[in-house]
Amino acid sequence: MALHHAQSGELIDIRPLGPALKDTPSRALVRADQLEVLRLALLAGQTLPTHDIERSAITLQCLEGAAELEAHGKTQRLEAGVMVYLAPGVPHRVVALQDCALLVTLFLDRA
């Protein structure tokens, strides 16, 4: 069975999950031709290894918890309410300092 992705005009709940975060998998919320939005759930200590997305600018917005972002030769803390933009092809790594949820938006260049 295919996962549900929001359609144009559909409301999407991105409020903090609190204790339910531990049992909530990461999932895509929206998939469209040039846009993908997902909620990335990481438990404390989990790492998203260094990678880049060559043909997509991205934003990472911390919804709850805290994570560490390594990009552009520096390390920055992402906490609830903080968002960062990364240009296409920027290598980055994310480490969960606490259980956290990040709203990831990819601006896809499928040309």
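**Sheet and cores of a predicted model**

Good morning. I begin with two strands: S2, residues 35–42, and S9, residues 100–108, are paired in the antiparallel sense over eight bridges. Strands here are DSSP runs (E, at least two residues), numbered from the N terminus, and two strands pair if DSSP finds at least two bridges between them. Within this pairing, Leu 40 has Leu 102 of S9 as its bridge partner.

A word on the source. This is a predicted model, in which local features need pLDDT of at least 70 and side-chain atom pairs count only at pLDDT 80 or more, whereas totals for chains, interfaces and linings use all residues. Residues are numbered from 1 along each chain as its sequence is written, and side-chain values use heavy atoms, with hydrogens and water left out.

Now the sheet. The open sheet has five strands, ordered S1-S2-S9-S4-S7, with antiparallel pairing. Strands S1 (27–32) and S7 (83–86) stand at the edges with a single partner strand each, so one side of each has no neighbour in the sheet.

I turn to the interior. The largest nonpolar core, a set of buried Ala, Val, Leu, Ile, Met, Phe, Trp, Tyr and Cys residues joined through side-chain atoms within 4.5 Å, has 20 residues. Buried means under 20% relative accessible area (1.4 Å probe, protein chains only). S9 gives the most to this core, namely five residues. Leu 60, among the residues with the most contacts inside the core, touches Leu 69, Leu 78 and Val 104, among others (contact: heavy atoms within 4.5 Å), not counting residues up to four places away in sequence. A second, separate core of nine residues includes Leu 21, Leu 29, Val 30 and Val 37.

How values were computed: Helix = DSSP H or I, 4+ residues; strand = E, 2+ residues; numbered from the N terminus. Buried < 20%, exposed > 50% of the residue type's maximum accessible area, 1.4 Å probe, protein only.
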